[in-house]
Amino acid sequence: MDIVRTPDERFAHLPDYGFAPHYAEIPSGAGQTLRLHYLDEGPLDADPILLMHGEPSWSYLYRHMIGPLVAAGHRVIAPDLVGFGRSDKPAATGDYTYARHIGWMSALVFDMLDLQNITFFGQDWGGLIGLRLVTALPQRFDRVIVANTGLPTGESSLGEAFAAWQKFSQEVPDLPVGAIINGGCTTDLTAEVIAAYDAPFPDDSFKAGARVFPTLVPTSTDDPESAANIHAWSVLSTFDKPLLTCFSDQDPITRGGEQLFLDNVPGAQGQPHTTITGGGHFLQEDRGAELAELINGFIAATTP
């Protein structure tokens with residue numbers, strides 16, 4: 001496995017991102033180690049909130065949410081998935097699988113940080129990976145919040161918008177990461193913020209993970225992770241801890257996806273589910289302050 005690492009100077013002076021980096025060395029799955037980056041803010045003895053990003057963003061996506069969550073007394077962990085942000089980036093698309101992403105995050109969350117009493121928040125691939133962590137060790141999680149995400153099994157179509165995105169991601173000569181995130185927001189990002197999303201990727205050789213991610217979503221039951229996701233849904237069907245959905249109204253890919261959780265997860269019953277009005281796919285950019293307020297309120301309302 002060939003591994004590239006984005007130079008640190010690419011992350012200097014990014015707007016509103018004055019957080020100290022933390023790193024963990026985790027097994028690559030190919031006989032090496034990978035350096036995985038995460039943010040760790042707030043009191044170390046507080047119950048953690050785990051914020052997981054998706055494609056093709058990184059922990060920068062949560063910069064406006066971390067402050068209000070810490071101000072409410074919470075510890076906030078926001079990792080960069082392998083291949084993204086300040087984390088190491090295997091250079092070949094074949095190095096990335098859905099199962100490996102789960103293993104890499106498990107190594108950080110469970111083995112290295114040994115997190116307990118977790119509040120999980122996942123969007124996009126952050127949900128696809130994070131919900132597998134939740135269903136692997138549900139006893140470590142106190143509550144779950146899902147936003148613009150899902151846990152596809154390949155048993156049904158993901159729709160035309162996802163198919164178009166998947167096709168674009170494989171055919172565009174150079175994946176324009178910052179422009180993709182700007183296009184997935186209802187607000188217009190500044191040039192400096194768009195550049196911050198491009199910062200982890202000096203050139204296309206750093207984008208193998210971002211490039212291949214859309215192809216790893218299970219779209220048929222022949223997918224290698226289809227059966228595992230079907231099993232994960234069977235665990236969620238007995239998950240009675242609080243689960244909150246906060247999907248946005250202007251995401252063409254995941255809009256309406258909350259219904260699967262409302263229909264199938266016992267812990268979703270009776271919760272104050274919210275539709276984020278005016279939010280695009282990257283609702284952390286469009287409505288970050290509102291999301292942080294929702295998370296703080298949900299934790300307060302569901303803490304014995």
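For a chain of 304 residues, a compact globule would have a radius of gyration near 19 Å, and the value computed here, 18 Å, agrees with that. The model is a predicted one. Along the principal axes, the C-alpha trace spans about 45 × 45 × 40 Å. Of the 304 residues, 56% count as buried. Contacts with a separation of 6 or more are 77% accounted for by residues 24 or more positions apart. The accessible surface of the chain is about 11,700 Å², and carbon and sulfur atoms hold 52% of that surface.

**Secondary structure and annotation**

The chain has 10 helices and 10 strands. An unreviewed UniProt entry places the feature "domain: AB hydrolase-1" at residues 48-193. Over residues 48-193 the chain is 40% helix and 17% strand, and the C-alpha atoms at the two ends of that range are 27 Å apart.

**Helix 3 and its surroundings**

Helix 3 covers residues 125-136, 12 residues in number. At 1.5 Å a residue it should span 16 Å; its end C-alpha atoms are 17 Å apart, which agrees. Of its 12 residues, 11 are buried, so helix 3 is largely enclosed by the rest of the structure. The buried residues are W125, G126, G127, L128, I129, G130, L131, R132, L133, V134 and T135. An α-helix has 3.6 residues a turn, so residues three or four places apart point the same way.

What encloses helix 3? Its buried residues pack against strand 4 (48-52), strand 7 (118-123) and strand 8 (141-147), and also against helix 2 (98-112), helix 8 (226-236) and helix 9 (258-264). Helix 8 has buried residues of its own, namely S226, N229, A232, W233, V235 and L236. The cover over these residues of helix 8 includes helix 2, helix 3 and helix 9.

**Two buried strand residues**

L34 is in strand 3 (residues 33-41). This leucine is buried, with a relative accessible area of 0%. Leaving aside neighbours within four places in sequence, L34 is in contact with I3, A24, E25, I26, S28, V82, D88, P90 and W104. One of these partners, P90, is 56 residues from L34 along the chain, with the C-alpha atoms separated by 8.6 Å.

I49 lies in strand 4, one of the elements against which the buried residues of helix 3 pack. At 1% relative accessibility, I49 counts as buried. Its contacts, again without neighbours within four places in sequence, are L69, H74, R75, V76, I77, T119, I295 and I299. I49 and I77 are 28 residues apart in sequence and 6.1 Å apart in space, C-alpha to C-alpha.

**Backbone exceptions**

Most residues other than glycine have a negative phi, and most peptide bonds are trans. Three places in this chain depart from that pattern. E55 and P56 are joined by a cis peptide bond, with omega about -10°. P56 is in the loop between strand 4 and helix 1 (63-71).

D124 is not a glycine, yet has a positive phi of about 55°. This aspartate is in the loop between strand 7 and helix 3, and is buried, with a relative accessible area of 14%. N148, also not a glycine, has a positive phi of about 50°. Its place is in the loop between strand 8 and helix 4 (160-171). N148 counts as buried, at 0% relative accessibility.

**Cysteines**

How many disulfides does the model contain? The count comes to 0 disulfides. The sulfur of C185 is 16 Å from the closest cysteine sulfur, in C246, which is too far for a bond because a disulfide needs the pair within 2.5 Å. Seen from the other side, C246 is in no disulfide, and the nearest cysteine sulfur, that of C185, is 16 Å away. C185 is buried, with a relative accessible area of 11%. C246 is also buried, at 1%.

**Buried residues discussed above**

| Residue | Relative accessible area |
|---|---|
| L34 | 0% |
| I49 | 1% |
| D124 | 14% |
| N148 | 0% |
| C185 | 11% |
| C246 | 1% |

Conventions
Residues are numbered from 1 along each chain as its sequence is written. This is a predicted model: local features need pLDDT of at least 70, side-chain atom pairs count only at pLDDT 80 or more; totals for chains, interfaces and linings use all residues. Side-chain values use heavy atoms; hydrogens and water are left out. UniProt positions are given in the numbering used here, feature names are shortened, and annotations may be inferred rather than shown by experiment. Helices (H or I, at least four residues) and strands (E, at least two) are DSSP runs, numbered from the N terminus. Buried means under 20% relative accessible area, exposed over 50%, partly exposed in between (1.4 Å probe, protein chains only). The expected span of a helix is 1.5 Å times one less than its number of residues. Contact means heavy atoms within 4.5 Å. The radius of gyration is taken over C-alpha atoms; the globule rule is 2.2 Å times the number of residues to the power 0.38. Accessible areas come from the Shrake-Rupley method with a 1.4 Å probe; for residues, only the protein chains shown count as cover.
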